[in-house]
Amino acid sequence: MTEALWPVRGSSEERALFQALQARLPVLFREVFGDPAAERTVVVVPGLSLDTDTLARVSGVRHYEERLLSMLMLLRLPRTRVVFVTSQPLAPAIVDYYLNLLTGIPGGHARKRLRLLSTYDGSARSLTEKLLERPRLLQRIREAVGDPSTAHLSCFNASAAEVSLAVRLGIPLYACDPALSHWGTKSGSREAIRRAGVDLPDGAENLSCRGEVVVALAALKTRQPELRRAVVKLEEGFSGEGNALVDMRELDVGSGLAVALGDSLEARTRPVAEDLSAQGFYRKFDEMGGIIEAFVEGDPKRSPSVQLRINPLAQLELISTHDQVLGGCDEQVFLGSHFPADAVYRRELMEAGRRIGEVLRAEGVLGRMAVDFVSVREEGCWHHYAIEINLRKGGTTLPYQMLQFLTAGRYDEAAGEFLTPLGQPRCYVASDNLVRPEFRRLVPEDLIDILVEHGLHFDNTRQIGVVFNLIGALSEFGKLGLVSIGADQEEAQRLFDNTVAVLEREAARE
């Protein structure tokens, strides 16, 4: 079909074609996904179809497409083909690194079933938009797919652009329908959490402008006169970069509260994004809208999360729990994670996550998602506040997929831990924000040399070791991702710390 014959993007005709494609997913899930020997093709488009202004503030963000290179581990299935599309070509050393992690599959056999394609366009625009502008490249993807009846599209998150891409490729999209994206916004998250009967911070949602923020903050302060801080969140912010903290001290509750807040709001506001002014933040809020909520104070305080999936048969699966590692302004920015979450509250999180997942399942949501919490210890027990739902893959996706693919193990929901086929537990420590200025001295080939020389690789025999990601960001940004897998949390942390120490030492060498 020529470009002129495709339905208009966003049209009812396109929508009908998309829904017809999505109707294939249940059969595909039953007959293909569950059969390791079945023939299939997975088209991976790992771009982030998110707000470009926020993305621009993430160091090395164009290399975040590499976070879905964990999908190359699907090549361990002997009749599976992977078409992996990126904005810029991947360095051969990076591809070789991932293919060498495959066990029981000759490298040549896996490589023959891998097709790497690129738009050769490093601009900040969505990778999917870049693809839609290039009909000849779309044709090459269609040719690489082979039989479309056994193929599907996998992406980081789904927007209207991914709907158009699925239609043009003629394959279903295994992700949440963008028509249901409301449930992944900050306001939609609060609505779903409330409907599930799970605790959430006091606040207000569906705010459209700065003026409504002022009114909502004044109402929050009236309800909680001792409130010290509040958080304002952009509707579609992510990784904490769309948040701002508001100092709520020295405000008198009364008739003049809203006026006082309106006059001093920018002075009281501190955006998490370091290069964003308060004025700029509220201009963005006027465009996007969002929510406000009380900042949850506490010591100790943690930020766990629950990962869920709703499959094409509308079955809810609990995938994992994590304790997130946060940093930046008042620990609002995601840096990494520990798996699994603390056993002290793991089951409580799983139950809360399941209740929220049931609300989403009833709304027809599909695919992978995560529910983030803030947890504080109060009167001898942990109290959990659900704060947002992410209807997409995220920073915890690659670490968990690597654990799953490398060990061929499974998540034991009853125990809340991951077990190898021999029943041995495995934990990990992961970060996709390991940044050191001296790392800029290394190129990907140097990293491979270092890991070989120091034995910094995953040991398939013991099913313990480390795996790197974001390798492409190493030389330009001094940034690297790392997943450290151990038999317990202590071993995983020890391997992580040792690997970082080796890299720092080698990068500092003359």
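Biologist: Which residue stands opposite K233 in β7?

Modeller: K233 stands opposite N243. This is a predicted model, in which local features need pLDDT of at least 70 and side-chain atom pairs count only at pLDDT 80 or more, while totals for chains, interfaces and linings use all residues. Residues are numbered from 1 along each chain as its sequence is written, and side-chain values use heavy atoms, with hydrogens and water left out.

Biologist: Why are strands β6 and β7 said to pair?

Modeller: A strand is a DSSP run of E with at least two residues, numbered from the N terminus, and two strands pair if DSSP finds at least two bridges between them. Strands β6 (residues 229-234) and β7 (residues 243-247) have five bridges in the antiparallel sense, so they satisfy that definition.

Biologist: What makes β5 and β8 the edge strands?

Modeller: The open, antiparallel sheet has five strands in the order β5-β9-β6-β7-β8, and β5 (203-207) and β8 (269-271) each pair on one side only.

Biologist: Why are Y98, L360 and F468 singled out in the largest nonpolar core?

Modeller: Such a core is a set of buried Ala, Val, Leu, Ile, Met, Phe, Trp, Tyr and Cys residues joined through side-chain atoms within 4.5 Å, where buried means under 20% relative accessible area with a 1.4 Å probe, protein chains only. Of its 88 residues, Y98, L360 and F468 touch the most other members. With contact meaning heavy atoms within 4.5 Å, and residues up to four places away in sequence not counted, Y98 touches residues including L69, M402 and F468.

Note on methods. Helices (H or I, at least four residues) and strands (E, at least two) are DSSP runs, numbered from the N terminus. Buried means under 20% relative accessible area, exposed over 50%, partly exposed in between (1.4 Å probe, protein chains only).
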